[in-house]
Amino acid sequence: MPMDTPPRRTAALSDDDHLLVAHCAALSFPSGSRSPTSAAASSFQVHDASHSYPCAAFVFTPTWSAAGWMPSSPDAGGRAPFGDAEVDPALFPSLRSVGSGVPARASAAFMAAFRGLLDGSPLQSEVSRAVAEEKRIVFTGHSSGGSIATLAAIWFLENCTRRGSVNQAQPFCVTFGAPLVGDNIFNHAVRREGWSQCILHFIMPLDIIPRIPLTPLASSREQIQSVLDWLSPHSPNFSPAGNSLVIPEFYETLLRSTLSIASYEACSFMGCTSSILGTLTSFIELSPYRPCGTYLFLTSPEQLIVLTNSDAVLQLLFYCLQLDPQQQLLDAAARSLSAHWQYESIKQCVTQEIACVDYLGAISSSLPGRPVNGTAIGGLELSKEAMLSLAAAGQWEKQREINQAKIDANCSKIQEALKSLNEYKRTCELHEVSYYDSFKLQREVHDFNSNVRRLELAGLWDEIIEMLRRRELPDAFEGREEWVNLGTSYRRLVEPLDIANYYRHSKNEDTGSYLCKGRPRRYKYTQKWREQSLRIPLGSSLESCFWAMSEELQAEMVNGKSFQDLKYRVGKLESDALGWFTSGSLGKDVFLSSSSFVIWWKTLPEQHRSASCIARLMPP
């Protein structure tokens, strides 16, 4: 028999949040549980309100047409069979993997709907008005309207962050039964930026709508339209009996798709290394969509279970739909559809206390030393397999935090090695030699010792980068200020030594230029961390590659290219060098009289040198 485990409370919703959630529910369900809304095109309404502070709530209405869920044709964008596409970097510049640069993918149809609102409605001007009036911005919506609200919230967060609106209150996004919007990178980026706590998704455990993107949309268009027709407030048919075959068939397809994805992801975070996983994905294309944000499952009018772990949410989306052996498929499908209009109780959260259960914490405390056949936690009865999968998702998250702690412990080693290399740089400057040139010649003992330090640091940083590539560190790691700053110091000080080593061994002659063929990931990643942190254009922080640019220009001239052929690139390097030197990111040793850069620069035509922007920095 299942055990009742006392729920562990968590402070997921403050008193102010309760007020806003209830307000959002009242706006999303204004007059009864099935109020008429837009039948096709997405739209929005704005409502000004004052609770403990003034706010402007933007309510996005759902669409009940399958055309609003998937691209109508390949030309309309979206990848078959799931209708996903790369996000627009102009709208969502942060939605990418920082180190690798891979952009996030999201529903092409939902992105097109949001873009249509930005370009063809007063949404932007209304948001700007509310910001100017110092109101807190709230985005909300039911069903697919919640997915548009999610995109709107992220768009607003992008704009707030890049404009430096420090006085603007953190926006709030509340959705009810919203379909999944983006992929793993989408979720990773939102968590990295610290936006997950701003996006709250309320879910009925049986609601079919949030799970629909887990199925192949292109091949299920007619079935999805049948589901939406039944759910639509414009339809008089409130029973799936009229679709006695179509809806149960789609429900069965959804169960299978969700099972495949949940099983695949569980194997991944449980550390399964079987080659069968790769074989599976070569035969079966799995949906890219993954949960993003904070999820609150309504298990009763008095209780919510809270999850911020995307892997755990995905597992729960499957296990909540597991059929009872005695349950008919048609009955299960009917319950799942009906659940989409059962969010009315959230309106009452102002007048009564709702318990928020730390779900993964409750599961972790219920497993050790207990037989697990089935357990009711937070009002949900789970199978043994569900408990183990959820516990594994929680353990994987903890392991990533443990890995981060181990990496943090290496900070002192990195700082000690950097201190030693800074001493080396100062010693070289005292001898009127650039540390780049000294290292490249490798004539002194301190050159050899500095190479040892360089290799030690390379090992430490390569380990960090590989852990990031394997998702073994928390999503927020690349956004941590202390690591962004440490990575920048490391890159600026040590990358010139890597460049010197590269050209000392003439690797450019066999492999190609350092920038195109030889630059290690550890420098590419740490450069992009800084650019993302400062919200500056990609590729604008290449100061650590100054010597590589100089070496390539010199090599091309030696190989026969004329100054006229390279004039633009020389001028660009000079302009960049001046900016980097002025900002303090390029050392003064570059302009020492014995510097190989200065010696080469003085061979350039007199007419060019006299007009150069760095002429005044050159020694006589």
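Start by selecting Cys-55: in this predicted model, the residue is buried, with a relative accessible area of 0%. Now look around for a bonding partner. How far away is the nearest cysteine sulfur? The sulfur of Cys-24 is the nearest one, 7.7 Å away, and Cys-55 is in no disulfide. Because a disulfide needs two cysteine sulfur atoms within 2.5 Å, that gap rules the pair out. You can stop hunting for others, too, as a search of the whole structure finds zero disulfides.

For a contrast in surroundings, jump to Cys-516. Is Cys-516 buried or exposed? Cys-516 is exposed, with a relative accessible area of 64%.

**Strand E8 and its neighbours**

Next, select residues 199–203, which make up strand E8. Five of its five residues are buried, so the strand counts as mostly covered. Turn the strand to see both faces: Ile-199, His-201 and Ile-203 lie on one side, while Leu-200 and Phe-202 lie on the other.

Which strands pair with E8? One is E7, residues 172–176, which runs parallel to E8 and is joined to it over four bridges. Zoom in on Thr-175 here, and you will find it opposite His-201 of E8. Another is E9, residues 294–300, also paired with E8 in the parallel sense over four bridges. On that side, Leu-200 stands opposite Thr-294 of E9.

Now add helix H5, residues 184–192, to your selection. Together, E7, H5 and E8 make a right-handed β-α-β unit.

**Aromatic rings**

Time to colour the aromatic side chains. The model has 31 aromatic pairs. Pick Phe-44 and Phe-58: their ring centres are 6.2 Å apart and their planes meet at 35°, so this pair is tilted. Phe-44 belongs to strand E2 (residues 44–50) and Phe-58 to strand E3 (residues 54–60), so the pair links parts of the chain 14 residues apart. Phe-44 is buried at a relative accessible area of 16%, and Phe-58 is buried as well, at 0%.

Then move along to Tyr-502 and Tyr-503. Their ring centres are 5.4 Å apart with planes at 70°, so the pair is edge-to-face. Both tyrosines are buried: Tyr-502 has a relative accessibility of 6% and Tyr-503 has 7%.

For the last stop, select Tyr-436, Phe-546, Trp-547, Phe-581, Phe-591, Phe-597 and Trp-600 together. These residues form one aromatic cluster.

Technical notes
Residues numbered from 1 in each chain as written. Predicted model: local features only at pLDDT ≥ 70, side-chain atom pairs only at ≥ 80, totals over all residues. Heavy atoms only, no water. Buried < 20%, exposed > 50% of the residue type's maximum accessible area, 1.4 Å probe, protein only. Helix = DSSP H or I, 4+ residues; strand = E, 2+ residues; numbered from the N terminus. Pairing = 2+ DSSP bridges. Right-handed = clockwise from strand over helix to strand, strands pointing away. Phe/Tyr/Trp six-rings, centres within 6.5 Å; stacked < 30°, edge-to-face > 60°.
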